[in-house]
Amino acid sequence: MSLSTFTRGFLGAVTASVIMFAQASEVQAEALTVTDIAGRTVTFDELPDKIVLGEGRMMYGITPLTTRNPFEKIVGWNNDLILYDPDGFRQFENAFPEDTARLINFGNPYAGDFSIEAILEADADLVLLESGSLFKAEETGLMEKLSIAGVQVAFVDFRRNATENVVPSLLMLGRILGEEKRAAEFIDFYMAQMRKVTNIIDQIPADERPMVVVENAAGWQTDFCCWSFGPYNYGRFVELAGGTNYASTLANAYSVTLSLEGVIEANPTHIVATGANWAENRPEVTSVLLGYDAQEDVNRERIEALAARAGFSDLDAVKEGNYHAIFHQFYNSPYHFVAIQQLAKWFHPDDFEDLDPWGTFEELHDRFLPFDAQGTFWMSANRAG
């Protein structure tokens, strides 16, 4: 059997990272050199113990790699986790109340409120940034300022080319955190869960892959259709799950704006809306508020309302019960294998009858996270006639 599309996609990057991983000493007392996802060489005299997260949602990637308190080396972050996934933040807050309380909000690294002075006062060793923001970090002078201040910067990628860069990102973080063994365990779990889908999808012909429209943050703007993804992020998740991503047929871009007229003309087999609990920070959203604290009755009303919007209600996807909502924050987390499993069940139910994405989600929590799986992270509208 040939290698799956998924495996071929990042095999080269993984091989290079595995070599670095194998060369890492068990006791990292000496200097450590890593190559980050932006291709930059970063050298530490010793393991950093005061780390700043350019995005709070990087805790999704750090937490499963740590056998200790995941906040042990984190001095601060941007408060996006609190704003855009308050349900997830509360899980961390309940598990580590003192640590979450002491974290410094350094602001947005790519905006004027990011404080280099606060970084220096915290005596930070390292700032972690998303590789998709490298240009912004250079353009705004952030990289130069941090370099002058003697603070290292390393880039990870859990968002843009997520399925290609997740393993190298995790390997690098495992080395930086001194958690190589734990990182290897989580990567093995990640690969096993991905292959439950990709090994089957690789055998499905292109003409048997349904057309899918992804509504990125559906309901964030109540009178707008639609943001979507090209062959990146959720667009790539759709492809790996055996769908044809409509936005990828329009543009080879990370973000693609769709017109309602175009969606109607495409008449997709499935529509997948992403949602999270944004209502606490943005009360006007009509999104499906998915997450750890999701309320089934509230979200049932919300997804039915999205499916009933003018132009959508007459689409075959809606009429046949194929309007779905899935947790938005899978889009920048190494847990995207859960989303891909659920997408595959929607797109090819006969091929994945025995696949249990919620069971996978529970195992993720039982083995690698400091709190339990609960809430609602995906659902479908009940409009099939």
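Reading the cores and the sheet

Modeller: In this predicted model, Phe330 touches Tyr234, Phe237, Tyr335, His336, Val338, Ala339, Phe361, Phe377 and Trp378, leaving aside residues up to four places away in sequence.

Colleague: Which residues touch the most other members of the largest nonpolar core?

Modeller: In soluble globular proteins, nonpolar side chains tend to be buried together. Here the largest nonpolar core holds 108 residues, and Tyr234, Tyr323 and Phe330 touch the most other members. There is also a second, separate core of 19 residues, with Val75, Phe106, Ala122 and Val127 among them.

Colleague: What is the strand order of the open sheet?

Modeller: The five strands follow the order β5-β4-β3-β6-β7, and their pairing is parallel. At the edges stand β5 (104-105) and β7 (152-156); each has a single partner strand, so one side of each lacks a neighbour in the sheet.

Colleague: How many bridges join β6 to β7, and which residues stand opposite each other?

Modeller: Strand β6 (residues 126-130) runs parallel to β7 and is joined to β7 by five bridges. Leu126 has Gln152 as its bridge partner in β7, and Val127 stands opposite Val153. In a regular strand, side chains alternate between the two faces of the sheet.

Colleague: Which helix packs on the sheet, and which strands does the helix touch?

Modeller: Helix α9 (residues 162-177) packs there, touching β3 (51-53), β6 and β7. The direction of α9 makes about 145 degrees with that of β7.

Colleague: Why is β7 described as largely enclosed?

Modeller: Four of the five residues of β7 are buried, so the rest of the structure largely encloses this strand.

How values were computed: Residues numbered from 1 in each chain as written. Predicted model: local features only at pLDDT ≥ 70, side-chain atom pairs only at ≥ 80, totals over all residues. Heavy atoms only, no water. Core = buried A, V, L, I, M, F, W, Y, C linked by side-chain atoms within 4.5 Å. Buried < 20%, exposed > 50% of the residue type's maximum accessible area, 1.4 Å probe, protein only. Contact = heavy atoms within 4.5 Å. Pairing = 2+ DSSP bridges. Helix = DSSP H or I, 4+ residues; strand = E, 2+ residues; numbered from the N terminus. Axes fitted to C-alpha atoms, helices over the stretch in contact; angles between N-to-C directions.
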